Amino acid sequence: MIAADPVSMTQKADLIDLAMLSDRSIEHLLEDAAWLARLQAEKEPLPTLRDGTTVATLFFEPSTRTRNAFLQAAHLLGAQTLAVEAESASIRKGESLEDTIAALEALGVDVIVLRHPQAGAAWRAAQVCVQARVINAGDGTNAHPTQALIDLFALRQRFGEIRGLKVLVLGDLLHSRVARSDLWALHRQGAICLASGPATLLGPLPPWVQQVTDPDPVLPEVDAVLLLRLQRERMEEELIPSLREYRARFGMTSERAALLREEAVILHPAPVNRGVEIDDAVMRDPRTLVFRQMQIGVFVRMAALRWVMQGGIAC
Ligand code: CP
């Protein structure tokens, strides 16, 4: 049973990477998000964080979903928010990430939600803080733990459990922190993981991921396809011949979607490149959960905020 009382200050916990969490913690986060979603749907009062809790977002890369979902989550939990504009922060004057984080802690911020282009940035930030908790909202190509929780939530909501599901991750795995976090979490929860995409964009895959050169033959067998955005901003050279060829070989066109079973689902963390990774018509397909994933995002972020403020219970 999860108490609806204001949470108390306990030990410091950070949410950096799902690989650092126990199965019990992941289960707790998913159950808490589901409980919060139910309360919201039934218009029941939501729990609050302790009085005066301040949540700061510090994003060094663009974001629509993650940043605003965290802000919305903090508001729903009764917290104060501070949306720090990285563009106008003193980092532009040469201040280090560590000093920026220390400054936010000195201002009394309780939770820092950080997105940064460098892998390991959230971990570095967490080492600086004595009291403030750090949540990784995406660090370079490394990890995006709350997106992976959203995707687990969406699959559990549709299928009941993850164990035994066959999930194809399709697209630019090389540059994708979502792929890294999702593949780890799916494997840990007992899913069968497949990956496909241009050879130049697959990168090294863990041994438990089955590489598929052509996605089409496996589409009728899979329960879910997780599409990934082509991250052209992270490509130092052209790694695909053309967007047209990418769509023809790996895009979720109507023809490819027709190969999927009626019960299968299509996920994409978004933002999407329409007409490249996914066609407009497939975005409207009832099996496509892209906007559902965004709705789930608020409850997952509420659970993440509660979890770090509760000292990472069930760690
Ligand atoms: N999925 C995701 O991280 O989206 P944003 O970049 O908009 O936050």
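How much area do domain 1 and domain 2 bury between them? The answer is about 2500 Å², with 58% of it on carbon and sulfur atoms. This is a predicted model, so the values here are computed from the predicted atoms.

**Two domains**

The protein chain is divided into two parts. Domain 1 takes residues 18–144 together with 295–309. Domain 2 covers 146–293. Taken over C-alpha atoms, the centres of the two domains are 25 Å apart. Domain 1 gives 32 residues to the contact, and domain 2 gives 28 residues.

**The open sheet**

Now look at the strands. Strands of a sheet pair through backbone hydrogen bonds, either parallel or antiparallel. Here four strands form an open sheet, and the pairing is parallel. Their order is 2-1-3-4. Strand 2 (80–85) and strand 4 (133–139) are the edge strands, and each pairs on one side only. From one strand to the next, the twist averages 15°.

Strand 3 spans residues 111–116. Five bridges join strand 3 to strand 4, and the two run parallel. Within this pairing, Val111 stands opposite Arg133 in strand 4.

**Helices against the strands**

Which strands does helix 3 touch? Helix 3 packs on the sheet and touches strand 1 (54–59), strand 2 and strand 3. Helix 10 lies across strand 1, strand 3 and strand 4. The table lists the two helices with their angles.

| Helix | Residues | Strand used for the angle | Angle |
|---|---|---|---|
| Helix 3 | residues 97–106 | strand 3 | about 155° |
| Helix 10 | residues 290–309 | strand 4 | about 140° |

**Where the domains meet**

Back to the interface. The size of an interface is often given as the accessible area lost when the parts come together. For domain 1 and domain 2, that area is about 2500 Å².

How many salt bridges are found across the interface of domain 1 and domain 2? There are three salt bridges. Across the interface there are also 16 residue pairs in polar contact, both residues at pLDDT 80 or more.

Which elements of domain 1 supply at least two residues each to the side that touches domain 2? They are helix 1 (23–41), helix 2 (65–76), strand 3, strand 4 and helix 10. Helix 1 gives the largest share of this side, with eight residues.

One side-chain pair is worth finding in the structure. Glu61 and Arg177 meet in a salt bridge, at 3.0 Å from N to O.

Terms used:
Residues are numbered from 1 along each chain as its sequence is written. This is a predicted model: local features need pLDDT of at least 70, side-chain atom pairs count only at pLDDT 80 or more; totals for chains, interfaces and linings use all residues. Side-chain values use heavy atoms; hydrogens and water are left out. Two strands pair if DSSP finds at least two bridges between them. Axes are lines fitted to C-alpha atoms, for helices over the stretch in contact, and angles run from 0 to 180 degrees between N-to-C directions. Contact means heavy atoms within 4.5 Å. Domain bounds come from an automatic or database domain assignment. Buried area is the accessible area (1.4 Å probe) that two parts lose on being put together, summed over both. A salt bridge is a side-chain nitrogen of Lys or Arg within 4 Å of a carboxyl oxygen of Asp or Glu. A polar contact is a pair of N or O atoms within 3.5 Å; within protein, one must be able to donate a hydrogen and the other to accept it, and residues adjacent in sequence count only if both atoms are side-chain atoms.
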